[in-house]
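Welcome! Open your viewer, get comfortable with rotating and selecting, and follow along stop by stop.

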Amino acid sequence: MTEEHDLKATISRGNLKPVYLLVGNDPYLTKHYANLIAKKAVPQNPDFNLFIMQENCTLQDIYDRYFQFSFTGERICVLASNFDFDSCPIALFKELTALVDAPHDNNVLVLYYDVLQINTKKSDRFKKLAKAVEKGGGVVCELNHKTESELSKLLCSSAAKRLRKLDANTAKYMISVCSNDLNILINELEKLCNYTKDDEIINYVTVDKICVKTVEASVYDISRYMLMGKAEKVYYSLNSLLASGISPAEIHALISSAYVDIFRVKAAIDAGKKPESIAADFGYPANRMFVLNNAARDGRKLSQNQISAILDEILKTDAAVKSSTKISGNGAAIALETLIAKILKIAAGGL
């Protein structure tokens, strides 16, 4: 398996391979590198020598384009997105492995996945295909979400290129409320840069005003407002989420997750540990460390008794928020509102 920095270096040098298999959980990166390879492979005459194949294409379509005669005498590049080798008939899969095992001498084939998710650890077909690609002299690269630090640097440098000022802390806040998906972050940064002027500072207020928050981030705001005793903001945010079609059950699950994070961090800190140790113990990925850092900050004023009481109330309302038939058909929302009232009371010191 080739690392991202090695993939980037070989592309920039023009040392292209006959086949590329690009997978991973970051769709922006897989598509980005597929396009980089295409531009390097076909710097001229893309109308004649670059073929973009959609996910509904057949293997025969890919084969015909890849081994097609070039009328200009230049290299041909085929970009094939999301070809479902995991679900196709076994005979077709064998044909695919045979193709990448004995690729074209000059042309370039890029199999990339920006929609279809491939489980590289559990998929036997992926392992066989990857082995065949590498045997044929090709490259296999798994492109996953970058860490918070890497994303922060990328956002800051991208803002600077647009003559905007974005510091690391604001960039990390933007990641925490928007997403760790590069597609989303780049779109949100573009909106921020269009809204602000040259040399203007992009701050927390601007991010809150312009960026679209994830449901998780919006529910996190509700959890934080409850701890701060800001009931008006809590119910305003809750009503906005419910009005947008988010189910009470989903909101309840995210509130539960937020307070479980606080419980874990609080217990670890009381035991003399750091949030990083919790990340390892409970399998938090590196790019989700901000969740634990936020939990450490938000849970600072809560006692273990308060956290336990909150978790107990969350557990008691679990069944009710999953019901939509009780109390005149609006039982789930009412149960959620009642839970929030109880958490507000507990956070204020009323056990």
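Before the first stop, one cut-off will help: an angle over 145 degrees between two helices counts as roughly antiparallel. Keep in mind, too, that this is a predicted model.

**Stop 1: two helices side by side**

Select helix H16 (residues 304-316) and helix H18 (residues 331-347). How do H16 and H18 run relative to each other, roughly parallel or roughly antiparallel? Their axes are 10 Å apart and the packing angle is about 170°, so the two helices are roughly antiparallel.

Now show the side chains at the contact. On the H16 side, pick Gln-306, Ala-309, Ile-310, Glu-313 and Ile-314. On the H18 side, pick Leu-339, Lys-342, Ile-343, Ile-346 and Ala-347. If you colour these contact residues by type, you should find seven nonpolar, one polar and two charged.

**Stop 2: a charged pair between the helices**

Stay here and zoom in on Glu-313 and Lys-342. Side chains of opposite charge can pair when their charged atoms come close. Glu-313 and Lys-342 form a salt bridge, with 3.6 Å between the closest N and O atoms. Glu-313 belongs to H16 and Lys-342 to H18, so this pair ties together parts that are 29 residues apart in sequence. Switch on the surface and compare the partners: Glu-313 is buried, at 13% relative accessible area, while Lys-342 is partly exposed, at 37%.

**Stop 3: a pair within one helix**

Next, select helix H9, which covers residues 182-195. Which two side chains meet here in a salt bridge at 3.0 Å, N to O? They are Lys-191 and Glu-188. Both sit in H9, three residues apart, and that is about one turn of the helix. With a relative accessible area of 7%, Glu-188 is buried, whereas Lys-191 is partly exposed at 31%.

**Stop 4: a small network**

Move on to Lys-213 and Asp-208. These two form a salt bridge as well, and their closest N and O atoms lie 3.3 Å apart. Here both partners are partly exposed: Lys-213 has a relative accessibility of 24%, and Asp-208 has one of 38%. Now add Asp-221 and Arg-224 to your selection. Together with Asp-208 and Lys-213, they are linked in a network of salt bridges.

**Last stop: the whole structure**

Zoom back out. How many salt bridges does the structure hold? There are 11, among them the pair of Glu-313 with Lys-342 and the pair of Lys-191 with Glu-188. See if you can find the others in your viewer!

Conventions
Residues numbered from 1 in each chain as written. Predicted model: local features only at pLDDT ≥ 70, side-chain atom pairs only at ≥ 80, totals over all residues. Heavy atoms only, no water. Salt bridge = Lys/Arg side-chain N within 4 Å of Asp/Glu carboxyl O. Helix = DSSP H or I, 4+ residues; strand = E, 2+ residues; numbered from the N terminus. Buried < 20%, exposed > 50% of the residue type's maximum accessible area, 1.4 Å probe, protein only. Axes fitted to C-alpha atoms, helices over the stretch in contact; angles between N-to-C directions. Parallel < 35°, antiparallel > 145°, perpendicular 65-115°, else oblique. Contact = heavy atoms within 4.5 Å. Nonpolar A, V, L, I, M, F, W, Y, C, P; charged D, E, K, R; others polar.
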